[in-house]
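Open the model in your viewer and keep the selection tool at hand. The tour below moves from one selection to the next.

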Amino acid sequence: MPSASATNKPRVLIAMHYLELGGAETSLIGLLQEWDYSKADIDLFLYSHRGELMKHIPPHVNLLPQKRAYSVIESPIKEAITKGCLGVAFGRWRAKREVSKTRKWDSHSELLGRYITPFLPSIGKGTYDLAISFLTPHHPVLHRCKARCKICWIHTDYTNMNLDAEAEQAVWGEYDNIVSISPSVTEGFCKKMPALRDKIIEIENIIPENLVRSQAKEYIPSEFSHDNFNMLSVGRYTYAKNFDNVPDIMRRLIEITRRKDLHWYLLGYGGDEPIIRKRIIEAGVEANVHLLGKRDNPYPYIAECDLYLQPSRFEGKSIAVREAQMLGRPVIITSFVTAHSQLRNGEDGLIVPSDNAGCAQGIADAITSPGILNSISSMASSRNYSGREGIDKLLSLINPT
């Protein structure tokens with residue numbers, strides 16, 4: 001089958017897990033919405049057809065049918081067995097067992113890909129001009145589709161990852177190019193796998209600006225009171241986001257400022273929710289720290305907050321921070337490794353220490369100096385954060401015959 005479509009345009013395949021709310025998922029929607037469909041067609045293969053962002057797939061995209069084996073990759077092993085995907089269930093069991101033996105927790109994705117891919121069917125139709133694996137594990141696109149050029153994406157900071165670098169390099173190294181979302185992410189990745197530096201190209205997260213701005217106007221959050229100072233963080237309730245330390249930071253912040261009108265809202269979901277709730281009680285900040293849970297549309301909260309906070313332990317490049325800047329909100333982030341590639345400290349955001357005491361003091365200094373927050377907000381409003389130029393870099397990789 002020829003690589004070009006019926007319209008003689010190049011063909012691109014993009015593989016992704018699903019489209020639930022998340023940074024990588026939002027970035028993919030941005031890519032799909034900003035893509036130039038006059039230059040190349042896109043087939044989108046989702047392992048599972050689920051998620052709040054499904055409705056934002058542009059009509060020009062050809063969404064390929066879901067395949068059962070892929071749909072249970074992240075389901076409980078019991079569900080994979082029930083649905084008759086015994087090979088996937090076995091592969092998942094092997095990956096879980098090996099991680100427990102080696103204790104290299106961050107190698108789970110690589111091991112999962114290694115052991116399940118032999119049991120997965122092929123992806124896509126014919127030979128593509130470009131195939132993109134948008135999220136790990138990258139084995140399926142490497143071994144289960146045909147393409148003249150294959151690239152994969154780095155979405156996270158590898159600096160402190162506990163993984164088997166040799167095994168990881170064997171997979172990443174088979175790709176023609178590796179896309180990194182920032183210089184800091186590149187450096188963290190190359191510390192683990194320096195031999196792959198020449199394969200890396202940098203493409204900023206592509207944010208669907210029209211979607212963000214239009215959805216931000218859909219409603220006014222009822223939880224916010226204009227009599228309070230409303231702070232917001234968006235993300236999954238996981239170790240990386242550091243939301244478990246928010247109650248103690250808030251306790252210290254109230255002590256420093258002596259303000260009871262400070263409210264910190266956490267919008268998201270995830271396994272750390274019981275820990276966060278426990279620590280809210282322990283810190284005695286039940287009236288000031290609020291778990292909003294999951295929202296199909298988080299943008300009105302971002303648009304209406306007085307301050308956006310990203311207190312993460314580590315990040316690749318936070319989409320939520322970019323969205324807050326795009327909506328003109330003042331942003332404060334902690335000093336995680338890639339922080340300086342996220343914003344310009346003192347210009348379109350502030351970086352504060354990562355320890356709880358330093359973080360609380362940094363936030364206190366900012367909110368007691370409204371001129372600083374206003375200046376940051378104004379600077380953010382004047383900048384372009386869409387990352388649209390990344391589309392041209394991707395198109396330049398396509399070499400149709």
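How many bridges join β10 to β11, and do the two run parallel or antiparallel? There are 6 bridges, and the strands run parallel. This is a predicted model, so read each stop as a feature of a prediction.

**Stop 1: strand β10**

Select β10 (229–234). Color the strand by burial. 6 of the 6 residues of β10 are buried, so the rest of the structure largely encloses this strand. Now show the side chains. Phe229, Met231 and Ser233 point one way. Asn230, Leu232 and Val234 point the other way. In a regular strand, side chains alternate between the two faces of the sheet.

Next, find the partners. Phe229 sits opposite Leu262 in β11. Leu232 sits opposite Tyr308 in β13. The pairing of β10 with β13 is parallel, over 2 bridges.

Add helix α10 (residues 246–257) to the selection. Together with β10 and β11, α10 makes a right-handed β-α-β unit.

**Stop 2: the sheet around β10**

Widen the selection to the whole sheet. It is open, with 6 strands in the order β12-β11-β10-β13-β14-β15 and parallel pairing. Which strands stand at the edges? They are β12 and β15 (350–352). Each has a single partner strand, so one side of each is left without a neighbour in the sheet. On average, neighbouring strands of this sheet are turned by 25° against each other, direction ignored.

Then pick out strand β13 (residues 307–310) and strand β14 (residues 331–334). They pair in the parallel sense over 3 bridges. Click Leu309: its bridge partner in β14 is Ile332.

Now bring in α11. This helix packs on the sheet and touches β11 (262–267) and β12. The direction of α11 makes about 155° with that of β12.

**Stop 3: a salt bridge within α11**

Stay on helix α11 (residues 273–283). Show Glu273 and Arg277. Their side chains meet in a salt bridge, at 3.0 Å from N to O. The two residues are 4 apart in the helix, which separates them by about one helical turn. An α-helix has 3.6 residues a turn, so residues three or four places apart point the same way. Glu273 is partly exposed at 27% relative accessible area. Arg277 is partly exposed too, at 41%.

**Stop 4: more salt bridges**

The structure holds 26 salt bridges. Select Arg295 and Glu223. Their closest N and O atoms are 3.1 Å apart, and the pair forms a salt bridge. Where do the two residues lie? Arg295 is in the loop between β12 (289–293) and α12 (299–304), and Glu223 is in the loop between α9 (209–215) and β10. The pair therefore ties together parts that are 72 residues apart in sequence. Arg295 counts as partly exposed at 21% relative accessibility. Glu223 counts as partly exposed at 29%.

Move to Asp261 and Arg259. Here the side chains meet in a salt bridge at 3.0 Å, N to O. Asp261 is partly exposed at 22% relative accessibility, and Arg259 is partly exposed at 24%.

Last in this group, select Glu34, Glu209, Arg213 and Arg388. These residues are linked in a network of salt bridges.

**Stop 5: strand β5**

Select strand β5 (residues 130–133). Both of its faces are covered. Leu130 and Ile132 lie on one side, Ala131 and Ser133 on the other, and all are buried.

Add strand β1 (residues 11–16). β1 and β5 pair in the parallel sense over 4 bridges. Leu13 stands opposite Ala131. Then add β7. β5 and β7 run parallel and are joined by 3 bridges. Ile132 has Ile151 in β7 as its bridge partner.

**Stop 6: helix α7**

Finish on helix α7 (residues 165–172). Which of its residues are buried? They are Ala167, Glu168, Val171 and Trp172. Turn the view to look down the helix axis. The buried residues fall within an arc of 130°, so they line one face of α7.

Now display what they pack against. The list is α5 (108–116), α6 (139–144), β7 (150–154), β8 (177–180) and α8 (183–192). You have met β7 already, as a strand joined to β5.

Note on methods: Residues numbered from 1 in each chain as written. Predicted model: local features only at pLDDT ≥ 70, side-chain atom pairs only at ≥ 80, totals over all residues. Heavy atoms only, no water. Salt bridge = Lys/Arg side-chain N within 4 Å of Asp/Glu carboxyl O. Buried < 20%, exposed > 50% of the residue type's maximum accessible area, 1.4 Å probe, protein only. Pairing = 2+ DSSP bridges. Axes fitted to C-alpha atoms, helices over the stretch in contact; angles between N-to-C directions. Contact = heavy atoms within 4.5 Å. Arc of directions from axis to C-beta. Right-handed = clockwise from strand over helix to strand, strands pointing away.
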